[in-house]
Amino acid sequence: MKKRLLVFLTVFALLVSLAMPVAAATANPNYGGSEDVTLVDEYAAAPADTGSQAGESLASDDVSADKFVYDYANLLTDEEESEFEADLAAILGSYQFGAYVLTVQSLGGVSPMVYADDFYDYNFLGAGDNRDGCILLLAVDSRDWYISTTGYGITALTDAGIDYIGDDMVRYLKDNNWSGGVRQYVTDVDKFVNEAKTNKPYDVGHMPRAQKSLTDTLKGLGIALLISVAIAAIVTAKIKSSYKPVRFNRNASNYLLDGSLRVTGQYDNFITSSVTSRVIESNSGGGSSTHSGSSGTSHGGGGGKF
């Protein structure tokens, strides 16, 4: 009897040990398999989702000293990215100034300012001990743009300068012309840093002349032409409506009234002139407003929507 019970328990234990892997495999098809399973994210190269915080979570293994474009939203072609990499590398070589581009699909609940500041800080971007430079952030879902400045970037790109660059970019970004917007940013940064290094920073009362595209110029000329034609037509119609036909009269005396012509002596002698001038002071301030990022680094910057 005992011998039969021992055999029964042994068989039962063997069946249980064989059934456990089968049950595990049924619950998880990858249990015990030899094939590795990799989860693929469309934006796997971008920093991890930050929730409502940023900080060190924006540190990326993709960052390197000779890389300037971080196109995590895949807005640029390989050729465009190579073009901008070369242009930004030239700015670093000419001015020891690091300028960068960062594109993301979503900010993950973080403000554009915090996202741009912390990506710059926790990836140790910039040139020299003061980490001189700036970074352009483009967020596709919320359609935000933001330029964060650090070190000499705060000097070279003032608040008024960032607004100017933003206006230059938005005319392209609003039409999803990403390369056009980034190209304008690169061009303006080069112009602004050069002016700051060789003369003085562009600021209120000292800004580059706005450049209009050919389309904008033609539109302006067309509008001016239409306005001119309309004014000419109105004036002509008014003169014509007041015009009264006149018949020829052989006797000129009919046009004169008796005693209407009286001539007396009159002289105008110019003596001197007086001109008074005064300087009108402007109340518009300039320079850069600053704030501290979560790392404690001081930043300037500004942004908007496109």
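Strands E5 and E6 form a hairpin with 5 residues between them, and Gly-296 in the turn has a positive phi of about 95 degrees. Helices (H or I, at least four residues) and strands (E, at least two) are DSSP runs, numbered from the N terminus. The structure is a predicted model, with local features needing pLDDT of at least 70, side-chain atom pairs counting only at pLDDT 80 or more, and totals for chains, interfaces and linings using all residues. Residues are numbered from 1 along each chain as its sequence is written, and side-chain values use heavy atoms, with hydrogens and water left out.

Back to that hairpin: E5 and E6 pair in the antiparallel sense over 2 bridges, where two strands pair if DSSP finds at least two bridges between them. His-291 sits opposite His-299 in E6. As a rule, strands of a sheet pair through backbone hydrogen bonds, either parallel or antiparallel.

Zooming out, the protein chain has 7 helices and 6 strands. Read from the N terminus on, its elements go α-β-α-β-α-β-β-α-α-α-α-β-β. Of the 306 residues of the protein chain, 32% count as buried; buried means under 20% relative accessible area, exposed over 50%, and partly exposed in between (1.4 Å probe, protein chains only). Looking at contacts in the protein chain with a separation of 6 or more, 66% come from residues 24 or more positions apart. Contact here means heavy atoms within 4.5 Å.

The 6 strands form an open sheet with mixed pairing, in the order E1-E2-E3-E4-E6-E5. E1 and E5 are the edge strands, each pairing on one side only. At the E1 edge, E1 and E2 run parallel and are joined by 3 bridges, with Asp-71 opposite Thr-103 in E2. Helix H2 (residues 78-95) lies across E1 and E2, running at about 150 degrees to E1. For such angles, axes are lines fitted to C-alpha atoms, for helices over the stretch in contact, and angles run from 0 to 180 degrees between N-to-C directions.

Further along the sheet, E3 and E4 pair in the antiparallel sense over 7 bridges. This pair also forms a hairpin, with 4 residues between the strands and a positive phi of about 55 degrees at Arg-143 in the turn. On its other side, E4 pairs with E6, again in the antiparallel sense and over 7 bridges. Tyr-146 of E4 shows both partnerships: Leu-137 stands opposite Tyr-146, and Tyr-146 stands opposite Gly-303 in E6. E4 is well tucked in, too: 7 of its 7 residues are buried, so E4 is largely enclosed by the rest of the structure. Both of its faces are covered, with Asp-144, Tyr-146, Ser-148 and Thr-150 buried on one side and Trp-145, Ile-147 and Thr-149 buried on the other.

Helix H3 (residues 112-122) tells a similar story. In H3, 9 of the 11 residues are buried, so this helix is largely enclosed by the rest of the structure. Pro-112, Tyr-115, Ala-116, Asp-117, Asp-118, Phe-119, Tyr-120, Asp-121 and Tyr-122 are the buried ones. Their cover includes strands E1 (69-71), E2 (98-104), E3 (133-139), E4 (144-150), E5 (291-292) and E6 (298-305).

Two loop residues have an unusual backbone. Most residues other than glycine have a negative phi, and most peptide bonds are trans. Phe-124, which follows H3, lies in the loop between H3 and E3 and has a positive phi of about 55 degrees despite not being a glycine. With 66% relative accessibility, Phe-124 counts as exposed. Asn-74 is also not a glycine, yet has a positive phi of about 55 degrees. This Asn-74 is found in the loop between E1 and H2, and at 55% relative accessibility it counts as exposed.

Finally, there is a helix pair to look at. Helix H5 (residues 159-173) and helix H6 (residues 178-198) pack at an angle of about 155 degrees, their axes 7 Å apart. That makes H5 roughly antiparallel to H6; angles under 35 degrees count as roughly parallel, over 145 as roughly antiparallel, 65 to 115 as roughly perpendicular and the rest as oblique. Residues making the contact include Tyr-164, Ile-165 and Met-169 of H5, and Trp-178, Tyr-185 and Phe-192 of H6. By type, the residues of the H5 contact with H6 divide into 8 nonpolar, 4 polar and 4 charged. Here Ala, Val, Leu, Ile, Met, Phe, Trp, Tyr, Cys and Pro count as nonpolar, Asp, Glu, Lys and Arg as charged, and the others, Gly among them, as polar.
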